[in-house]
2 protein chains.
Amino acid sequence: MSGWLAIAGLGPGDAGLVTPEVSSALAAATDVVGYIPYVARVAPRPGLSLHPSDNRVELERATEALRMAAAGRRVVVVSSGDPGVFAMASAVFEALEGHPEWQGLEIRVLPGITAMLAAAAAAGAPLGHDFCAINLSDNLKPFETVLRRVRLAAEADFAMAFYNPRSRARPGQFGQVLAALRAVCEPARLIVFARAVATPEQQIRVRPLSEATEEMADMRTVVIVGSSRTRQVGRFTYSPRSA
Amino acid sequence: MSGWLAIAGLGPGDAGLVTPEVSSALAAATDVVGYIPYVARVAPRPGLSLHPSDNRVELERATEALRMAAAGRRVVVVSSGDPGVFAMASAVFEALEGHPEWQGLEIRVLPGITAMLAAAAAAGAPLGHDFCAINLSDNLKPFETVLRRVRLAAEADFAMAFYNPRSRARPGQFGQVLAALRAVCEPARLIVFARAVATPEQQIRVRPLSEATEEMADMRTVVIVGSSRTRQVGRFTYSPRSA
């Protein structure tokens, strides 16, 4: 039997958000590769080898997954959310660039519910008009690029979803992002802090920009910044379609 | 039994991309409300009333769905893709603003695979770094706002996903968007035209900006514009993580 590689999104947490396509790929797999907490979400079964690995080894993990597929294994690389949004799909294609001998392999990307969509749904519909998604981590780009994009996005009046807003390694940068927003946006601008979405610990907090503080975000939080028209109705936060 | 309203995303087309959460809501529903082609994707069964309606009556449809839920029905409003991305969730909250008596209703938004995620997955990972989503339709905002956002997004070096790029009512506007891109981006910038994603008619075409023409898009197309670093490896188009 010939091998293949699927790069699959497990969604943000809840099993009800895993697509049937991804479940089928996992059921047909011989090997599952990914970051430790994501591999832990795949149920063990006879005939399935689990290969959890640490954070920040994405390229090595991708190369190993391709190597296994080339050797005839049926390999699923798992990401949280969607594999194409700040996740493993790009890492696999980067690894593939260095290995032309693997470019004929059967490789599929299986989309998933990315965190911002689940966060937006839990809050209402804050991404209901033009929006952008920005990874605030400076692991792979200068932090000045992050700030520049935030400023231009505010100028364009996009709603914004921030991934990886804050970590222990860079506790102060999110404060700089809030300051950049304050320079452009009105104090009443609505900010959604969605922590641990689609898990039992889910917590949704909505604050005006004037009351938002950097401590409201951590690595499990997706932050959604409303557009100038985003507003609240009852317990929901949403962006009207006409914006 | 008390009524509820779920605003659910059916994904872009394939049944393998409908989440179990959405399938469960449909199985528990008494009424399904939505645009004709989306309601047509829900299997009829005894006890389920289907309420298809025409395009451009989103507010009326939302109000009717809320009214049925208030009357004790279990109502699912269906959208293609994700209900919070250029779809019905915002329309429901707009309708709710005019009816404070319904704000205590049980209302849930159930996320779905939005078209750009399925399009990106089919092409590779062109949204693998910071990106934005812009609805090119001028039904609900001035077209000058669209062009301004495209220019600022290019300046920010976002990858971009365009929804509703072109229709018979406005055949020439997409040409203006391409012209706006050409004013900022290099001729080799990669553009993905993803038509009818996750359906049997799916077609993925990738062209450099210099060869992109407005005829390559229609209302069933999602257009993804790469960032300055988006490139091809074999048959895949992807944006590296470091951008």
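**Interface and symmetry of chains A and B**

Between chain B and chain A there are 10 salt bridges, a salt bridge being a side-chain nitrogen of Lys or Arg within 4 Å of a carboxyl oxygen of Asp or Glu. The model is predicted, so that local features need pLDDT of at least 70 and side-chain atom pairs count only at pLDDT 80 or more, while totals for chains, interfaces and linings use all residues. Residues are numbered from 1 along each chain as its sequence is written, chains are lettered from A in the order in which they are written, and side-chain values use heavy atoms, with hydrogens and water left out.

**Polar and charged pairs**

- One of the salt bridges joins B:E94 to A:R241, with the closest N and O atoms 3.0 Å apart.
- Helix α4 (residues 88–97) of chain B gives the largest share of the side of chain B that touches chain A, namely seven residues; helices (H or I, at least four residues) and strands (E, at least two) are DSSP runs numbered from the N terminus.
- Across the interface of chain B and chain A, 26 residue pairs are in polar contact, both residues being at pLDDT 80 or more.
- A polar contact is a pair of N or O atoms within 3.5 Å; within protein, one must be able to donate a hydrogen and the other to accept it, and residues adjacent in sequence count only if both atoms are side-chain atoms.

**Extent of the interface**

- In chain B, 67 residues are in contact (heavy atoms within 4.5 Å) with 67 residues of chain A.
- About 5,500 Å² is buried between chain B and chain A, and carbon and sulfur atoms give 60% of this area; buried area is the accessible area (1.4 Å probe) that two parts lose on being put together, summed over both.
- B:D130, B:R149 and B:R241 supply 14% of the area that chain B buries against chain A, more than any other three residues.

**Symmetry**

- A turn of 180° and a shift of 0.0 Å along the axis lay chain B on chain A with an RMSD of 0.0 Å, the superposition being by least squares on the C-alpha atoms of residues with pLDDT of at least 70 in both copies.
- This is the relation of a two-fold axis.
- The C-alpha of B:C132 is the one in chain B nearest the axis, 1.9 Å from it.
- Both copies use the same surface, as 100% of the contact residues of chain B recur in chain A.

**Strand β9 of chain B**

- Five of the six residues of β9(B) (residues 190–195) are buried, that is, under 20% relative accessible area (1.4 Å probe, protein chains only).
- Strand β10 (residues 203–208) of chain B runs antiparallel to β9(B) and is joined to it by six bridges; two strands pair if DSSP finds at least two bridges between them.
- B:Q203 in β10(B) stands opposite B:R195.
- Strand β11 (residues 221–225) of chain B also pairs with β9(B) in the antiparallel sense, over five bridges, and B:V222 in β11(B) is the bridge partner of B:A194.

Methods. Buried means under 20% relative accessible area, exposed over 50%, partly exposed in between (1.4 Å probe, protein chains only).
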